[in-house]
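Subject: Structure for you to look through

Dear colleague,

I am passing on the structure we spoke about, and I would be glad if you kept it open while you read the notes that follow.

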Amino acid sequence: MRIFKGIAASEGLAKGKALVHHHASLAAEKQHILADGVPGELAKFRSALQTAKQTLQEHDASNISRESKDILETHLLMLEDPEYIQQIEAYITTNLVCAQWAIDSVTSSMVALLEQTDDDLLRERAVDFKDVSLYLIDAIKGKGQRRMEHLSEDVILVADILMPSELFAMDKTHILGICLDGGGRASHVAILVRAFNIPTVLAAGGASKTVNDGDEIIVDGTYGEAFIRPDHTVSQMLDERYALWQQHELELHQMAGLSTTTTDGHEILLKTNIQTSNEVEAAKACGASGIGLFRSEFLYMESLETPSEERQFQVYKQIIEAMAPKPVTIRTIDIGGDKVVSGLGIDEKNPILGWRAVRFCLSRKDIFTVQLRALLRASVYGKLQIMFPMISGVEELNAVLHLLEHVKGECRSEHIPFDPDIKVGTMIEVPSAALCADILAKKVDFFSIGTNDLIQYTIAVDRGNEKIAYLYQPFHPGVLRSIRMIIEMAHQNNIPVSLCGEMASDPFCSVLLAGMGLDELSMGSQSLLQVRKILRSVSYEEAKKLAEHVLSMDSYLTITTYIREWMHDRFDHFTTI
Ligand code: PEP
Ligand code: MG
């Protein structure tokens, strides 16, 4: 038996047989070869052409739309383009480099040429060539890769890396649990596994290198442990641990119909974060006061094509109607960073600081206005609030607000009804926005603090990188001061402020955040009842005192220790750390 200790990312216990998956990095690697290696690399390239065609044909056979079929057909034709093939072969032979490097180099020069033209069609062709080259490189590097859209039996997925888009494409009905070598609790994969209720352990060292397909494995997502080939005693101990945890979950259900009011009568609204419309039922079941964050970008990961205005309208309408009269905050697309959507040309060297969220939307107004129209159309079916992600300053905020007004104008002239009083807010998740919160507060109806990114950018620590996870500290005085300042600025300008990062779901943060004066907390519905239970058993006065004291402390270590002791003195059971 081997035990891997990692990060408890999604609660629950799962037992089953392992399926090991290795993520193929799509970045081409450069390798020089000798002249006698040329035939081997040419053969690799030829075989990659066949594999890529086969992959595309498999896609084509599945049930996808006409537009997606057209794109796939174009890609298939490109894989037969004699000039493209001949140029890559010549590059291998002349420059004595491996096939993947030749594919990457030839494609990059073609793309650079095509991107310079004024012809829209040719520029689109550049994106197609990039995609095709990724299929080819994937075929060379990803030998042994398996496609997981359809699984025939239940498995525990063990992987080195998992991208949000990969998880989205997988057949989750057969994934009982997940164990990953890396990742952080605030990464988007972590957020998704919680949303899909898949017990998960992250940062489990080199589990994917130790585990073999078919090995018995138990994933304990509550305590952050994975047991490989467990013996009988351990298995029994885990069953007992799980029974206790389930008992605790059952008890929490008594909280479902109650308000979140402190013992001295102060109410804090608890809302939920969702990624798909399927999560609305869970939000309603736990008695959420609304949807505080719908990450609409995941709608763009569901299929190969960008969702049409009609498709988006239907999804937004369904969520808004289901929650009415409670409010639904839909965040405009926050793609980029670790949320790469294929076919949109987002493939960057430094994506976290790159072409992300409103930065992408303001340069792809064609895509953005489609979303704004769909949102406005859906706004008449209940109470919609629109929220913009990754705003870094007033120019960006002005630009998106201006565009929204423009789209409203179009709707008016086309007699499309929309809610004239629709509330518009911004996320505060970039340090420059936090520092300018007083300026931004004058332009919007509400703030929502995105601590997942605010922590990442304030401390300069990648939220998904397990090697530096020890630095990712919600209780860092820099983060807490920033949150306090945002709340003060919002309140001085008479707007409400919510917090929708993962901090909102962590029971150890609940009392502190309430005491700091937040009006709302928004979190995955799995955590809402636990947070409600905690907040209902403290007074607002003591929460404020806690916040005041903690904000006078000078290090995250002392703050963490102090809060742990404070909480353990009052509560005896926590499932999340
Ligand atoms: C955040 O950054 O805190 C947030 C809620 O947005 P996301 O996790 O999608 O980046
Ligand atoms: Mg964010």
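Before the strands are described, one definition is needed: two strands count as paired if DSSP finds at least two bridges between them. With that in mind, please also remember that this is a predicted model.

A pair that fits the definition is β5 (residues 175-180) and β6 (residues 200-202), which run parallel and are joined by two bridges. Within this pair, C179 has V201 of β6 as its bridge partner. Helix α7 (residues 188-195) packs on the sheet there, where it touches β2, β5 and β6, and its direction makes about 50° with that of β2.

Both strands belong to an open sheet of eight strands with mixed pairing, and the order across it is β1-β8-β7-β3-β4-β5-β6-β2. At the edges stand β1 (2-5) and β2 (7-10), and because each has a single partner strand, one side of each is left without a neighbour in the sheet. On average, and ignoring direction, neighbouring strands of this sheet are turned by 30° against each other. Another helix, α9 (residues 232-252), lies across β3 (13-21), β7 and β8, and runs at about 120° to β3.

The loop between β7 (216-220) and β8 (225-228) holds T222. Is this residue buried or exposed? T222 counts as buried because its relative accessibility is 6%, and the cut-off for buried is under 20%. A polar atom of the T222 side chain lies 2.9 Å from the backbone nitrogen of G12.

The chain also contains a closed barrel, in which eight strands with parallel pairing run β9-β10-β11-β12-β13-β14-β15-β16. From one strand to the next, the twist averages 25°. In this barrel, β15 (residues 497-499) and β16 (residues 520-523) run parallel and are joined by two bridges, and L499 stands opposite L521 in β16. Helix α14 (residues 394-413) packs on the sheet, touching β12 and β13, and its direction makes about 140° with that of β12. Helix α13 (residues 365-378), in turn, lies across β11 (327-331) and β12 (383-388), and runs at about 160° to β12.

One residue of the barrel that you may like to locate is T272, which lies in strand β9 (residues 269-274). T272 is buried, since its relative accessible area is 0%. Leaving aside neighbours within four places in sequence, T272 is in contact with several residues, including A283, I291, L293, S522 and M523. The C-alpha atom of T272 is separated by 9.8 Å from that of T329, which is 57 residues apart from T272 along the chain.

Finally, there are the ligands. Which residues are the protein donors of the magnesium ion (ligand 2)? They are E429 (OE) and D453 (OD), which lie 2.0 to 2.1 Å from the ion. The two donors link distant parts of the chain, as E429 is in the loop between β13 (423-428) and α15 (431-435), whereas D453 is in helix α17 (residues 451-459), 24 residues apart. Both E429 and D453 are buried.

Around ligand 1 there are 17 residues, of which H188, R295, R331, N452 and R463 come nearest. Oxygen atoms of ligand 1 lie 2.8 Å from a polar backbone atom of N452, 3.1 Å from a polar backbone atom of T451 and 3.4 Å from a polar side-chain atom of R356.

With best wishes

Conventions
Residues numbered from 1 in each chain as written. Chains lettered and ligands numbered in written order. Predicted model: local features only at pLDDT ≥ 70, side-chain atom pairs only at ≥ 80, totals over all residues. Heavy atoms only, no water. Donors = N, O, S within 2.8 Å, 3.2 Å for Na, K, Ca; no water. Helix = DSSP H or I, 4+ residues; strand = E, 2+ residues; numbered from the N terminus. Buried < 20%, exposed > 50% of the residue type's maximum accessible area, 1.4 Å probe, protein only. Axes fitted to C-alpha atoms, helices over the stretch in contact; angles between N-to-C directions. Contact = heavy atoms within 4.5 Å. Polar contact = N/O pair within 3.5 Å; in protein donor to acceptor, adjacent residues only side chain to side chain. Near = heavy atom within 4 Å.
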